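Got the model open in your viewer? Let's walk through it one selection at a time.

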Amino acid sequence: MPSQLNLFDVDSCKVNLPEEKSEELSAWELDDLANRLVVGVVFPGGYGAVLDYLVPSELAEKIDAGMRVMVPLGRDNHLTLGYCVDVKSYGNVPHLKDKTLKFVKSLIDDKRLLNDNMIRLTHWIAGEYLCPIGQVLEAMLPAGVRSGAGTRLTTVLFVPDDLDKILNDLQNKFNKQSQSQTSQPHSTQSHASQPHTTQSHTTQPHATQSHASQSHATQSHATQPHATQSAQPKTSPAQNAAPKSILTSKQLHVLSTLRGSGALLTMRELQHTAKCSAVPIDALKRFGLIRTKTIRRTKNETDEQPADNITTQPVQHVLSDDQRNAIDRIKIAIRERRNEVFLLHGVTGSGKTEVYIQAIREAVDRNRQAIVLVPEISLTPQTVGRFKSRFRDVAVLHSHLTDAERHHQWSIIASGKIQVVVGTRSAVFAPLPRVGLIVIDEEHENSFKQGTAPRYHARDVARKRAEFEEIPLILGSATPSMESWYATTITQSQAKVDQKTSDKVDDETGDKVDKNLDDNLDKKINSQFVAQNDSLVDCQNNSAATEKVSGGTVCEDVPFSCTLISMPTRVKGLALPRVEIVDLRDEVRAKLTRGAIHRQLHSAISETINDHGQVILLLNRRGFSTHIQCPACGEVVKCTNCDVSLTHHWKEEIALCHYCDYQINAPNRCPQCGFLGIRYNGFGTEKLELEIKNRFPNVNVLRMDTDTMQGHGTHEKALTLFREGKVQILLGTQMIAKGLDFPNVTLVGVINADTALHLPDFRAAERTFHLITQVAGRTGRSERGGRVIVQTFTPDHPAIQSASMHDYANFVAKELPIRKLLGYPPYSKMIRIVIRGVAERMTHDFAAEFAQRLRSEVDLQNNNDNNEHANKAQNKNLFIQNKRTNNASESTTAKKTFKILGPAPAPFARLRGFYRFHLHIFGKNSEQLLNVVRKTSASIKTPDKIQWIIDVDPLDML
């Protein structure tokens, strides 16, 4: 007779279902299996599938989504760490009935690391950015959190929940033994030892809770004196909770101390608190009245309070009308727990930070919490200082924290004790349990885009998290991104069309048309009305030209709905600084100045220093000389791994590649022809610093770039020196161009406004405008006023002209038509695919194959769309009656909705030893575009030594 099928053999880690139908199992087996829990598990790295595992009965009450688990994987059942992302009942998942499932082996965590909304966010990021879920989870959970950095495993003591029951059981057994011994008297020794022996045996199962308790299980002789003492009458009031004949007064005191502490204490802590030795504690452990478990604790024992908190000070601010209007509108959304995205467009110095603080105060007063994202680590100290002066508990998250510091901050955030989290990009994942508001300052900044997989944009992730949490999101900037601005204009246009549509009457009957007649059809037609009839840009102060968007060019799925709040004036009525443009072509032709600082800027610096003001100088190039070239043969000293020139760093006397860190000693002759007159050309921040010190020898100068700001706390120290007036001239790269507020800065100089203007990137003009406008806003923040001098070789460029006038509307009005003409974002969604390999020809061939596969998938999609559009056009004839809707009908004609460019060599054709080719695919419908790339990437076979990445909504085109 065959043996009975063992469905729940945990040791085998499998449930071996028979190949026949499941009805052949016995009724009790089917019922038990149906009640089993099944978890979906994903794995770190590139494995994207969600695998199902059965949960052993001993873990059923402990396991939950958002925990890490150890599970068997592969044919050899190798134990692998995974993330539990779903918990369901086996009986509720029909497709599992024909599958052979393995068991979860163990749990890594004793509580959830992610809640349900964060798990939903994980799935959205994986789908939106075409990356495995496990990879997203690794990004969400910092390495310090996953490893428990800054913690140690500690054995702690606790009182079981059923303490009273255990005491009663011990009392009853002791009473029975006493009666038995009274009827059959024995020697004094046996009478003293018998009760204790029985008690020790009774509590043996409790001793198996930990190795520590097992080590004492054989030491019952140590408590014989206490057992003898327990027979003596005691009079302590504390013994009312336990029989007097069971525990000594010292044991009762220890038990009462641990029970009343409300915390988990180590052996040493309990000894110190109860002022006792280990003997009574060991006895209580053997009785099962004290138990042990192992937990992780921070090494510095400071996990109960946020680090670096300071006493909050009540601050009275006189709000401007613009600020008051913005705050009132945002507060309504906070009170109503309404998901709404606000674009707070305020000029530099308009008081956007105070709006953030007032909005966060509203959330905190309602027992909610807030996340504030800033683009640069250099902004974190100043921003944190502002928020710590107004809120009691503020936590910080950024990449310069050690793993232990990050884990510490993450832990106190998850505990719910924090009111505000301030940090850079990854702080969008802060595990606040009651998040009520998210703020992104300088939302236009590229640093909010992750450069490695998963290549998410923090702005879009924040928008989705706010949607899941049903809370507002504030996007603040003086120079909003084109995508955010476009969303506000489309939202405004859509609102106008909705109003027109709601008032529309039927031409024949005169009755109002029911807008709920066909909601999906109505939305489609509305979007076409927007494309044909409404203005794209409605700029502040009515200064911007409007443009009409013809049918078929508007992105079918607007990135997001966004409400515009304008703050066009500075607080206290302060004027924006005047901007002067210096044409470097004239300076060079006249040979009037040598070096980076030209006459006009030199004079302005002298005047500012003499007037006891401070100066900020921007040069967005590191190093001393940007390239090294031989005038005899024209050879440029390049990196051997990358197709880029090496940058000279004077202090170290090296030539360094800023992409792969390859370096050589600075050459004194041409490596190609040996010519001794090799030249070091171009200016970097290191060279600018030396020039400033030579020109102004008695002035304190400070340089801020990634070369000088590498140590822990260096940003904060540097900005503190500048704030206190100990430094008169602050120079550096873009890290000093945004967010800083120093009232004594009366001069800003842009050394070369063209550094990024002519890069092969369709966003080059936008970035140049942002940078100049932002750095210009660092001055004029007091009654002393301010002055900005911009040095450039292209003074007539629209980006530089608009920045000199502080006119965002003018720049948008000129830039958006170019984007529309070329079909670039925000008029389409864009995906960049970069293929790299060690062999140039093989890499090019694979890139060409990838592009061909994409085009084939696009053709298939377009054919499907043609059929779908044809069917919809027939149905719409019943609804479309007048001229406007006839025009809309024409726009429904199927058109090519995708465009593919490439493959072509990347602007940096070789990096880190790899040849690089890229291609770009554009689409009006985000979901369709993602499906095309998803299907193609899943079906293509990648040769050895070839790698490729997918970058959705790319910002780096190099």
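**Stop one: a covered strand**

Select Ala370 and Val420: Val420, in strand 13, is the bridge partner of Ala370. Before going on, note that this is a predicted model, where local features need pLDDT of at least 70, side-chain atom pairs count only at pLDDT 80 or more, and totals for chains, interfaces and linings use all residues. Residues are numbered from 1 along each chain as its sequence is written, and side-chain values use heavy atoms, with hydrogens and water left out.

Now widen the selection to strand 11, residues 369-373 (strands are DSSP runs of E, at least two residues, and helices are runs of H or I, at least four, both numbered from the N terminus). Four bridges join strand 11 to strand 13 (residues 420-423), and the two run parallel. Strand 14 (residues 435-441) also pairs with strand 11 in the parallel sense, over five bridges; pairing takes at least two DSSP bridges. Here, Gln369 has Val435 as its bridge partner.

Is strand 11 covered on one face or both? Both: Gln369, Ile371 and Leu373 are buried on one side, Ala370 and Val372 on the other. Buried means under 20% relative accessible area, exposed over 50%, and partly exposed in between, with a 1.4 Å probe and protein chains only.

**Stop two: the end of a helix**

Jump to Glu128 in helix 2 (residues 116-128). Glu128 counts as buried because its relative accessibility is 15%. Show what surrounds it: beyond neighbours within four places in sequence, Glu128 is in contact (heavy atoms within 4.5 Å) with Lys829, Ser926, Leu930, Val952 and Asp953.

**Stop three: rings**

The whole structure holds 14 aromatic pairs. Rings of Phe, Tyr and Trp (its six-membered ring) pair if their centres lie within 6.5 Å; planes under 30 degrees apart are stacked, over 60 edge-to-face, and the rest tilted. Pick Phe762 and Tyr824, which are stacked at 4.5 Å centre to centre with 10 degrees between the planes. They sit in loops 62 residues apart, and both are buried.

Next, try Phe850 and Trp948, an edge-to-face pair at 5.2 Å and 75 degrees. Phe850 is in helix 27 and Trp948 in strand 31, so this pair ties together parts 98 residues apart in sequence. Phe850 is buried at 0% relative accessibility, whereas Trp948 is partly exposed at 25%.

**Last stop: charges over rings**

Select Arg836, which lies over the face of Phe914, 4.1 Å from the ring centre. Then find Lys899, whose charged end sits over the ring of Phe922, 4.9 Å from its centre. The cut-offs: NZ of Lys or CZ of Arg within 6 Å of the ring centre and within 35 degrees of the ring normal.
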